Amino acid sequence: MNRRQFNTTLGGSLVALQLAWLGGCDRAQVTPALGIDITHPDARAALDAAARDLSGIDFLGPVCDRRLGVEDPLGALFSRIDAEGGPLLDALRDRMSRDFGTDDVIEVDGWRLSYSECLLMAGAARLQGLSEPRLAEHGALREEQFITIERWGPDRTIEGEIFNPIGNGRGGFWLRVDGEVNGAMRLELDGTELATHFQPGVITASLEPDYMDQVIARPGAYELALIDRSRQLRQSVGVLTVLERPPAAILIDGATSTVFCEVGQWGPDMAVAGEAFNRQPDGAAGFWVHVGCAPPEAFLELDGVALPTTIQPGIATARVEHFATLTRGEHPLDLVDPVSGERLRVGELTIQ
Amino acid sequence: MISDALADLPPLLEAEVCVAGGGPAGMVLAMELAERGRSVLLLEGGGTDSPGEGQSIYQGQVSGRDYPLLGSRLRWLGGTSNHWGGWVKPFDPIDFEDKSHFPMPGWPIGLDELAPWYRRASMWCELESDDFAIDSLEPSERARLLPLPEGSGFENRLFRFSPPTRFGRRYRDDLARNPAIDCRLNLNAVALNQNADRVTGLVASTVTGQRCEVRANHFVLAMGGIENARFLLNQAQVPGNQADWVGRCFMEHYGYSPGGLLSSSELAYERGALPGRDVMLVLASGRELVQEHGLRNSCLLLNADEPDPLLGPAYWSSALHSGGPAGMRRIGMINEPLPHPQSRLTLIDERDQLGMRRVNLNWHLPPSEFEPVLALFRRWSDMVSAAGLGRVRQTRFEPTAMDAHVGIGYHHMGTTRMSGSPDFGVVDADARCWDRDNLYLAGSSVFAHAGYSNPTLTIVALAARLAEHLNGRLESSA
């Protein structure tokens, strides 16, 4: 028996004794660190302990064991590493590195492992009782707030209305985020993965036309979630609400509208001459009109003057910059769709 | 000034320089020349928006490996910048060099010659910075890259991103306001009037058949990596074809996804990984691998991926390895193409609406072209493993078959290559046709070698440089 074998045998006995004495305590408290000198009597025990702690090898460990067919894998590994002294960890890393340099490599389903590394995995598998290769299961995603979502949208649409349209029947979501993004992140709507794109600070995702049709055909709530597949994390973003489509509006000529839904409340319907009604931050006047649905190109028209208009699900708003020129009397307010040519009377603004 | 030739077209147009093609190269060239006080006629075959049916002028046929001749090109003001992803990086020094294992010589100019023009191009492409050195990152940011050992053969390299600049939209008003620029939309160059060593005029046409003659001191073709060659080949006397190189050496950056890397999850290679910076890091071949080992200047992209079912991230998190959080990265490669003479454009009998013969592209990218890619990947894999930086799983071992999909960048390059001798190219170091004193080519068709870097920045840099050259010639001839 040479000095190293003697030390190893002795060290192993001492460690076993320690473990017996300290049974029930956290194993990490008694695991000799990998920084131990390789010539130390406890070095082999430290290697065993490290092998016992090795995770993520449920598949490759048993495969290495079968492939190599070595009686004592960890013993074989220990005898391969440099006995000249120095930390065990460095010796192990150096041995693996040299394996790659000399093409002493084991390939398992595309994984390239050093021969020594495969010995370690094989020994670890035995110590951990892993006899059959087992694929790692991703398991359930873990709920975690892994990124700050500053704003996102849209959060609602109306039955049959493509939300945030981007052409070709597609539409989608945008998220303004603060934090690192990576290519393994995906937005999911109701569990369906969306085509997801990244720009610094912005994540966008689009729904294929078929899926868009499916979603906007069914009023209800759809959860939007951000998934990071690389870390198996899931963060809820919010809910897209598909509102039931209100009844179609009746146009001035008595026909049923093909693009507008019924108008609900709107305002203001009365104002004082020369004063900005529903005054906006920039000093202009403004209208709001609850309308069940309206095409994105639609605009409000006051007295035949087109107003700068914003159409959102359920509401149309418009700025009236020429409020000061409105004279006393009734001023018709219409909602106009330039594509179909339909005109819907909202009501009349009375100037006093 | 911008006008529509379909609405108004005089029989004769004149300028000091006529630029045919309103993509990034043509637009930047026109604006750079105008800034120097030169009058420029800029011809754009399309309008200001998608031309619908007009796009079919780009229809052609392919042999060899499949290629989307139509979908990869856009035919309106701004050209292919209208679908540009915005990736930006200058070529590496090695990209300009001769390589003994390449079938054709390298560029007759080096990176030093282009460096000031890359800075100028960075402005046109609206970049945050024109510094592409890894040292431009903070030490804490560099610490999130793989610490490549001395002599590893690989280097970390940095891409930046343009917004991306849609040149047509971004600079349309500048063209319109500039009195030195006469930009004619829907007007296509169809023929050159030439004598033995000069172009004496150019014939331009609308798709409806209205024609005009163009006179200029100098003519520049900036129609795109395929159209430049197609236009030349359509001429009765083909300029620059003294050695039969027009249309040859078509190149395209091609992709390959060989596997994945298990390493520290702190690595910050992909876009968005470094907060506050719009950059992407890649691992690229060092000079020695290319020149001494006969490999290509390809790059590897590392993007976060889901855990591998055979070897979990916990393995790399163990004290034996990183001791920190670990994760999988999907590896993608962008590969340097060879300028292969068989990879070429030729004309077919069928003609387009302008009467120009359509093109056949034989993209010569046989499976053997993937062997150096695989060899490079294996070398990288061994380096990373030996250095203890991670473990690699190779999931593809075979070259991509001829009938299989291969990822491409829509980068059409090399068909009117620049060369140091008329025996090996179409244009000289100034981008002037070897046998026509006043005919120049702009755009990626002049690329001699192409590395892995996206072409737009180099296209724009060359255009800015060409403006300086043309201005010098016009000054000296005044």
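Two strands count as paired if DSSP finds at least two bridges between them. The exercises below use this on a predicted model.

**Exercise 1.** Find which strands of chain B pair with β2(B), and name the bridge partners of B:V17.

*Solution.*
Step 1. Strand β2 of chain B covers residues 12–20. It is joined by 8 bridges to β10(B), residues 211–221, and the two run parallel.
Step 2. A further strand, β3(B) (residues 40–44), is joined to β2(B) by 4 bridges, also in parallel.
Step 3. Both counts, 8 and 4, meet the requirement of at least two bridges.
Step 4. B:V17 has a bridge partner on each strand: B:H218 in β10(B) and B:V40 in β3(B).
Step 5. Of the 9 residues of β2(B), 7 are buried, so the strand is largely enclosed by the rest of the structure.

**Exercise 2.** Describe the geometry and packing of helix α3 of chain B.

*Solution.*
Step 1. The helix runs over residues 111–124, which is 14 residues. From first to last C-alpha it reaches 19 Å, close to the 20 Å expected at 1.5 Å a residue.
Step 2. The axis of α3(B) bends by about 30° at B:W117.
Step 3. B:W117 is also among the buried residues of the helix, together with B:L114, B:Y118, B:R120, B:A121, B:S122 and B:W124.
Step 4. An α-helix has 3.6 residues a turn, so residues three or four places apart point the same way.
Step 5. The buried residues of α3(B) pack against α1 (24–35) and α10 (456–477) of chain B.
Step 6. Just after the helix, B:E126 takes a positive phi of about 60°.

**Exercise 3.** What radius of gyration does chain B have, and what would a compact globule with 478 residues have?

*Solution.*
Step 1. For 478 residues, a compact globule would have a radius of gyration near 23 Å.
Step 2. Chain B has 23 Å, which agrees.
Step 3. Along the principal axes, its C-alpha atoms fill a box of roughly 80 × 40 × 40 Å.
Step 4. Buried residues make up 56% of the chain.
Step 5. Among contacts in chain B with a separation of 6 or more, 76% are between residues 24 or more positions apart.

**Exercise 4.** Characterise the side of chain B that touches chain A.

*Solution.*
Step 1. The contact involves 34 residues of chain B and 34 residues of chain A.
Step 2. On the chain B side, the elements giving two or more residues are β13 (299–305), α8 (313–317), β14 (326–335), α9 (371–386) and β17 (391–394).
Step 3. By type, the residues on this side divide into 15 nonpolar, 11 polar and 8 charged.

Notes. Residues numbered from 1 in each chain as written. Chains lettered and ligands numbered in written order. Predicted model: local features only at pLDDT ≥ 70, side-chain atom pairs only at ≥ 80, totals over all residues. Expected span 1.5 Å × (residues − 1). Bend = angle between axes of the 7 residues up to and from the residue. Buried ≥ 20, exposed ≤ 12 C-beta atoms within 10 Å, placed from the backbone. Contact = placed C-beta atoms within 7 Å. Rg over C-alpha atoms; globule rule 2.2 N^0.38 Å. Nonpolar A, V, L, I, M, F, W, Y, C, P; charged D, E, K, R; others polar.
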